[in-house]
Amino acid sequence: MAFVKNNAKKQKSKMKDIGGKKLFLMTLPFLIIIFIFAYVPLFGWSFAFFDYKAGHKLLNTNFVGLKYFMVPFSNSILRADIVRVMRNTLAMSFLGIGTSMLPMFFAIFLSEIGFRPYRKVVQTLTTIPHFISWVLVYSVVWSLFSLNDGFVNHLLLKLNLVDAPIAFLGTSNNVWITQWAYGTWKNLGWNAILYISSLNSIDSMLYEAAEIDGAGRFAKIFYITIPGLLPTFFVLLMLSIGNLLNNGMEQYYIFQTAMNKEYIEVLDLYVYNQGIRGNNISYATAVGMLKSLVSLTLLFTANWFSKFVRGESIF
Amino acid sequence: MKKQKNLTAGNVIFNIINYTIFGLFTIICIFPFYYILINTISDNKLVSMGRIMFVPQGIHFENYISAFRIKNLPNAAFISLSRTVLGTVLVIIASSFPGYTLSKKEFWHRSFWYRFIVATMYFNAGIIPVYVTYKNLGLINNYLVYLLPSMVSPFNLVLCKTYIESIPQSLEESAEIDGAGYFIRFTRIIFPLIKPIVATIAVFSAVGHWNAFMDTVLYTSKTKLFTLQYILYLYLNEATALAEVIKSDPAAGANIDPATMLTPTAVRYTITMITVLPVLFVYPFFQKYFIKGIMLGAVKG
């Protein structure tokens with residue numbers, strides 16, 4: 001009896017074994033795609049150690065060791081480039097981090113609106129810009145601020161506030177602030193959604209108790225709502241610190257002009273301009289590689305810090 | 001969530017300020033789209049004089065008809081639409097099916113392969129190595145570059161896998177006894193059950209494909225592969241490209257009515273509207289899926 005049972009068990013586990021291999025084979029095409037598009041490009045990091053030229057075989061090029069990682073130290077032009085690009089990258093990242101409280105306050109004050117339909121309309125319409133592309137944001141900015149067709153210039157001229165249209169776009173002034181403003185316009189309403197849902201999970205008993213104690217609107221916000229939202233805020237803050245160097249390039253690529261290049265060129269855009277436009281493949285790879293490694297370190301540091309402070313990891 | 005019945009002066013002032021600020025921000029979010037829209041349907045001569053600010057005048061729809069006569073535009077619209085549809089279908093397949101197989105404990109070396117997939121969320125080879133890899137694969141100037149790299153998203157796959165794991169095993173067991181294989185069980189039983197999560201993934205993927213821009217910049221140089229987003233970018237940036245477009249309009253010679261004749265501004269505004277309208281139309285219907293999406297991201301993240 002025991003023997004039969006054992007045999008049946010064996011057979012079942014053998015079936016499972018075959019099934020497991022079947023499952024693997026059915027999934028293999030997808031695993032191959034992941035390997036090709038996520039892992040294979042990593043071999044490209046080797047370009048950073050060779051004098052790679054487009055169109056040549058890597059084997060026919062000279063191994064140069066860490067030359068391209070050291071270049072910024074010996075070449076003063078590249079050094080100035082790196083300093084400028086890092087300044088822009090950090091300036092825009094810190095503008096974002098410095099104002100990362102905004103979505104939280106957006107959610108808090110939105111919840112203070114008692115008339116529900118108004119609240120719903122505001123919430124729906126302010127999230128729409130999140131779903132349009134940066135090219136469309138560019139088009140929107142152009143329709144508002146361009147020299148001859150812009151709404152703002154038309155309005156200013158009509159109200160006789162200015163004599164000639166103002167060149168809002170063709171300038172190198174306030175690039176960081178305007179880029180930040182475009183990003184805020186696009187994402188503020190969307191980023192607030194997370195806080196709006198956390199708001200609903202705060203125990204309403206707390207508010208009732210505070211009301212009995214005579215707490216006013218601001219006292220309740222300050223002592224109940226904000227502390228209730230801080231965990232969410234903290235996680236998002238840690239994530240944005242992990243992404244300090246990754247401010248992406250789409251926005252800056254699109255808004256880049258000869259005029260504002262000095263201030264808009266962030267790290268990703270610099271890698272693109274050097275590598276694909278300037279054909280300095282090895283150097284650009286070295287810069288990109290350093291960026292990836294620093295980002296990964298930042299992310300894990302932020303995660304470790306989060307564990308240390310709150311006893312919870314962020315991913 | 002709170003009842004404010006006491007109408008003290010402070011409360012009234014607070015409410016006025018609060019309602020006004022949110023009202024203004026909402027207007028800032030929406031007015032540009034309205035402004036662009038009324039400028040595409042108004043008399044083009046008045047538009048170029050800057051007279052259309054709040055109310056459309058001399059309404060006509062010639063601009064939209066002329067826009068589709070622009071040489072590259074119908075093709076760009078086709079590329080954008082087709083990559084959105086095909087890309088979304090591929091994303092759905094590539095997140096739900098591997099999500100199902102990896103939810104099975106008997107999967108050959110499951111934990112290794114699962115980590116193999118999840119690890120890709122945390123690193124990125126960078127622009128240049130990716131570019132060179134695509135070049136070696138023959139993906140430069142190839143339509144497939146729009147579809148394949150974005151197809152398997154580890155994030156979506158994990159979402160599907162987690163969702164499938166929450167479905168009771170017993171639902172599958174009866175089919176297993178009837179001798180149905182994994183594939184049949186997936187298509188007949190599991191896939192219909194995971195529709196809510198699939199809908200969320202589909203909506204995000206479709207918006208992503210429609211809005212995609214950098215892949216055209218990085219990996220294509222053939223006019224045939226340009227998307228609507230890219231064409232719009234070209235026209236916004238390059239006055240010469242626009243002049244060509246207007247010259248190439250076969251009707252431009254015949255059309256001398258200044259009210260409906262294409263102008264550079266009209267081309268820009270009209271293409272903007274064509275590109276933005278699908279998103280604006282779709283958004284209200286799918287809002288709940290978008291909001292669900294951010295919640296899922298938060299739980300995971």
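## Two chains, their domains and their cores

Let's start with confidence: among the elements of chain B, helix α4 (residues 73-101) of chain B has the highest mean pLDDT, 95, while helix α13 (residues 239-248) of chain B has the lowest, 65. Keep in mind that this is a predicted model. Across chain B the pLDDT averages 86, and 89% of the residues score at least 70. For the complex, the predictor gives an ipTM of 0.88 and a pTM of 0.88.

**Chain B**

What is chain B built from? It has 14 helices and zero strands, so to speak a plain run of α after α when you read along the sequence: α-α-α-α-α-α-α-α-α-α-α-α-α-α. Of the 301 residues in chain B, 37% are buried. Now take the contacts in chain B with a separation of 6 or more: 74% of them link residues 24 or more positions apart.

**How the chains split into domains**

Both chains have a domain 1 and a domain 2, listed here with the distance between their centres, taken over C-alpha atoms.

| Chain | Domain 1 | Domain 2 | Distance between centres |
|---|---|---|---|
| Chain A | residues 2-49 | residues 74-310 | 41 Å |
| Chain B | residues 9-70 + 226-300 | residues 73-219 | 32 Å |

Notice that domain 1 of chain B is written as two stretches, 9-70 and 226-300, with domain 2 of chain B covering 73-219.

In chain A, the contact between the domains takes four residues from domain 1 and five residues from domain 2. On the domain 1 side of that contact in chain A, three residues are nonpolar, one is polar and none is charged.

In chain B, 19 residues of domain 1 are in contact with 18 residues of domain 2. Which helix gives the most to the side of domain 1 of chain B that touches domain 2 of chain B? That is α14(B), with nine residues. Helices α12 (228-237) and α14 (264-300) of chain B each supply at least two residues to this side. Sorted by class, the domain 1 side in chain B holds 14 nonpolar, three polar and two charged residues.

**Where chain A meets chain B**

How many residues does each chain bring to the contact between them? Chain A brings 73 residues and chain B brings 71 residues. On the side of chain A that touches chain B, helix α1 (residues 2-39) of chain A has the largest share, 15 residues. That side of chain A divides into 46 nonpolar, 19 polar and eight charged residues.

**Inside the cores**

The largest nonpolar core has 110 residues, and members from chain A and chain B turn up in it: A:V135, A:Y138, A:V266, A:V271, B:I231 and B:L232 touch the most other members. Helix α6 (residues 134-145) of chain A gives the most to this core, with nine residues.

B:L232 is a nice one to find in the structure. What does B:L232 touch, leaving out residues up to four places away in sequence? In chain A, its partners are A:V135 and A:S139, and in chain B they are B:I271, B:T272 and B:T275.

There is also a second, separate core of eleven residues, and its members include A:A107, A:V122, A:Y195 and A:L229.

Note on methods
Residues are numbered from 1 along each chain as its sequence is written. Chains are lettered from A and ligands numbered from 1 in the order in which they are written. This is a predicted model: local features need pLDDT of at least 70, side-chain atom pairs count only at pLDDT 80 or more; totals for chains, interfaces and linings use all residues. Helices (H or I, at least four residues) and strands (E, at least two) are DSSP runs, numbered from the N terminus. A residue is buried if 20 or more other C-beta atoms lie within 10 Å of its own, exposed if 12 or fewer, and partly exposed in between; C-beta atoms are placed from the backbone. Two residues are in contact if their C-beta atoms, placed from the backbone, lie within 7 Å. pLDDT is the predictor's confidence in each residue, from 0 to 100. Ala, Val, Leu, Ile, Met, Phe, Trp, Tyr, Cys and Pro count as nonpolar, Asp, Glu, Lys and Arg as charged, and the others, Gly among them, as polar. Domain bounds come from an automatic or database domain assignment. A nonpolar core is a set of buried Ala, Val, Leu, Ile, Met, Phe, Trp, Tyr and Cys residues joined through C-beta atoms within 7 Å.
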